[in-house]
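Me: I am new to this structure and would be grateful for a close look at a single part of it, namely its salt bridges. Please set them in the context of the whole chain.

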Amino acid sequence: MELESFEVSGAEVVGDLLSPNRIQSRRPLKIGFMATGFFEYWRMYPETLKASVEADMQVVADRLSRRYDLVCSGLVDTMDSADAAGRRFKDEQIDLLIMTECTYTPDYIVNQALGHIPEVPLLIYVSQAHDRVDLDSDYEETLRNSGMMALVQLVAGFRKMGTYPHLEVVAGSIHEDEVYRRIDEYIQVVTIYKQLKSMTIGVVGHVFRGMFDFEYDKTMIKGKLGPHVMNIQIGHLLDLWEQTSPEDRSVRTLVERVNGDYEVKGLDQGDIAKAARFAVALRKLVERFRLDAIALLGQHYVEAKTKTTSYLGVAELLNEGRVMAVTEGDVPGLIMMKIMRHLAGRTPFFGEWGEFDVPRNAMLIMGHGYMAPDEAKKGLPIRVRPTPEQWGYEGHGFSFELTMDPGPATMGHIVNDVHGWRMLISGGEIMDIDPLSCGECTVLVELEKPIKEYVEQLVKSGFPHHCILVSGDIRRQLAQLADLMGVEKVFL
């Protein structure tokens with residue numbers, strides 16, 4: 001029997017690569033919404049209670065459907081309606097269920113629906129029609145807002161059964177904007193949890209001998225965190241580099257942009273042209289293998305061959321925000337960057353734990369020029385300087401010398417060791433300073449706990465020497481994601 005070759009929507013099909021139109025890493029989630037009541041109550045107030053509850057739930061459904069692909073079950077109040085809801089959610093392949101109990105509802109009704117979708121993450125919404133107790137209310141009104149007692153009972157049952165250990169809860173009235181903001185946050189967490197499972201990370205080269213904190217098991221990463229890890233021979237990158245002429249339009253355009261947009265000192269036009277040529281070749285590599293992220297060795301062989309550094313190429317990818325890139329083979333750090341980029345909507349800084357500052361109670365985070373220029377502190381020129389470390393390239397190299405805008409920040413990493421998978425979650429405040437004049441990117445972060453205590457706990461925690469830092473406080477979302485992943489949380 002002959003095998004047919006084929007194309008999908010005109011795109012090249014390669015046996016071990018997913019076609020571009022089938023890549024699902026950015027697919028929006030399908031959200032299920034289930035509201036419950038108790039059929040026994042309707043006969044007590046036949047003209048008003050059920051109608052009031054349905055009107056309340058329509059308010060929630062309308063708010064959610066404005067932003068999401070919503071699968072709404074209708075009011076679940078009997079075993080039959082619960083079974084129908086669960087089957088519909090299963091058939092529609094929802095990614096997350098948002099559930100609220102409007103009146104007290106016996107557990108057996110809710111569990112009938114949930115039994116059809118046991119693996120779907122669950123967000124419980126403790127809802128009320130209002131946010132204060134009406135001191136003139138009657139018993140019908142208390143029934144209309146009696147869902148909280150049922151949800152407390154329901155989750156206690158989950159704990160006894162060992163189900164839904166990582167459910168999330170948000171509480172508030174159906175008209176409260178903060179409720180929907182919190183729901184949006186958690187949907188973002190579940191989105192990246194799902195997207196990680198369809199991402200492909202390319203690894204070019206390998207870590208230095210002795211960098212045991214970055215050693216990883218591809219199977220463990222796929223099984224626990226989700227992404228595929230693809231080893232890419234260095235020859236693929238070098239072939240693309242050789243095929244990219246310094247006179248190519250894309251190279252010349254990038255050189256012009258660097259000269260026009262950045263403050264360049266200590267480099268000549270040959271240094272910029274070499275960095276631009278490498279940047280174009282790196283983008284071609286990402287496109288050829290349809291990568292969501294890439295980790296480079298970044299020293300020795302590649303730099304000696306291309307006669308430049310990878311900093312401009314990495315910065316170009318980071319600025320777009322879709323493909324994250326790191327060096328030194330730090331695949332777990334790269335995954336943390338993808339997570340933080342999604343949750344914060346900002347591009348993280350790939351740095352290293354630097355010096356500590358006792359008077360300022362701060363930590364200096366340093367990195368080899370790997371900061372998205374768009375994340376650089378506003379009001380300052382975007383500096384380009386010679387690369388301070390010499391790894392066999394010719395000329396002055398190419399490095400960014402930047403810092404970030406002051407404000408809240410989140411720091412973290414993820415590691416797999418003899419204790420299992422663990423996620424570092426830390427926070428602080430980026431201080432208002434200029435970048436150090438050292439040819440590297442530097443960020444000074446004021447911490448919440450005494451700096452020497454912080455340093456001692458950091459060293460004892462056993463996390464890698466890289467620090468992934470992003471603007472904004474996303475610690476709660478990281479903790480929620482760690483729970484979904486089954487990863488231990490380490491707060492610092």
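Reply: What follows describes the chain as a whole, then its salt bridges, and then two neighbouring topics.

The model is predicted. The protein chain holds 16 helices and 19 strands, and its C-alpha trace spans about 85 × 75 × 45 Å along the principal axes. Of the 492 residues in the chain, 56% are buried. Among contacts with a separation of 6 or more, 79% join residues that are 24 or more positions apart.

Against that background, the salt bridges can be considered. In general terms, side chains of opposite charge can pair when their charged atoms come close. A search of the whole structure finds 26 salt bridges, including the ones described here.

One of them joins the side chains of Asp 83 and Arg 87, with 2.8 Å from N to O. Both residues belong to helix α3, which covers residues 79-92, and they are four residues apart, about one turn of the helix. Asp 83 counts as buried because its relative accessible area is 19%, and the limit for buried is under 20%. Arg 87, at 47% relative accessibility, is partly exposed, since the limit for exposed is over 50%.

Another salt bridge pairs Arg 322 with Asp 292, and here the closest N and O atoms are 3.9 Å apart. This pair links distant parts of the chain, 30 residues apart. Arg 322 is in the loop between α13 (311-320) and β10 (324-327), whereas Asp 292 is in the loop between α11 (269-288) and β9 (293-296). Arg 322 is partly exposed, with a relative accessible area of 36%, while Asp 292 has a relative accessibility of 4% and is therefore buried.

A further pair consists of Glu 401 and Arg 385, whose side chains meet in a salt bridge at 3.7 Å, N to O. Distant parts of the chain are linked here too, with Glu 401 in strand β14 (residues 399-401) and Arg 385 in strand β13 (residues 383-385), 16 residues apart. Glu 401 is buried, at a relative accessible area of 4%, and Arg 385 is buried as well, at 12%.

Salt bridges can also form a network: Glu 178, Arg 181, Glu 185 and Arg 476 are linked in this way.

The next topic is helix packing. Helix α7 covers residues 177-196, and its axis comes within 11 Å of the axis of helix α2 (residues 49-65), with the two crossing at roughly 50°. The helices are therefore oblique to each other, and α2 passes α7 in a right-handed crossing. On the α2 side the contact involves Val 59, Val 60, Arg 63 and Leu 64, and on the α7 side Asp 177, Tyr 180 and Ile 183. These contact residues divide into five nonpolar, no polar and two charged.

Finally, Leu 240 offers a point of reference for Arg 322. The C-alpha atoms of Leu 240 and Arg 322 are separated by 21 Å, and the two residues are 82 residues apart along the chain. Leu 240 has its place in helix α9 (residues 234-243) and is buried, with a relative accessible area of 4%. Leaving aside residues up to four places away in sequence, Leu 240 touches Ala 281, Lys 284, Leu 285 and Arg 288.

Conventions. Residues are numbered from 1 along each chain as its sequence is written. This is a predicted model: local features need pLDDT of at least 70, side-chain atom pairs count only at pLDDT 80 or more; totals for chains, interfaces and linings use all residues. Side-chain values use heavy atoms; hydrogens and water are left out. A salt bridge is a side-chain nitrogen of Lys or Arg within 4 Å of a carboxyl oxygen of Asp or Glu. Buried means under 20% relative accessible area, exposed over 50%, partly exposed in between (1.4 Å probe, protein chains only). Axes are lines fitted to C-alpha atoms, for helices over the stretch in contact, and angles run from 0 to 180 degrees between N-to-C directions. Angles under 35 degrees count as roughly parallel, over 145 as roughly antiparallel, 65 to 115 as roughly perpendicular and the rest as oblique. A crossing is left-handed if the near helix is turned anticlockwise from the far one by less than a right angle, and right-handed if clockwise. Contact means heavy atoms within 4.5 Å. Ala, Val, Leu, Ile, Met, Phe, Trp, Tyr, Cys and Pro count as nonpolar, Asp, Glu, Lys and Arg as charged, and the others, Gly among them, as polar.
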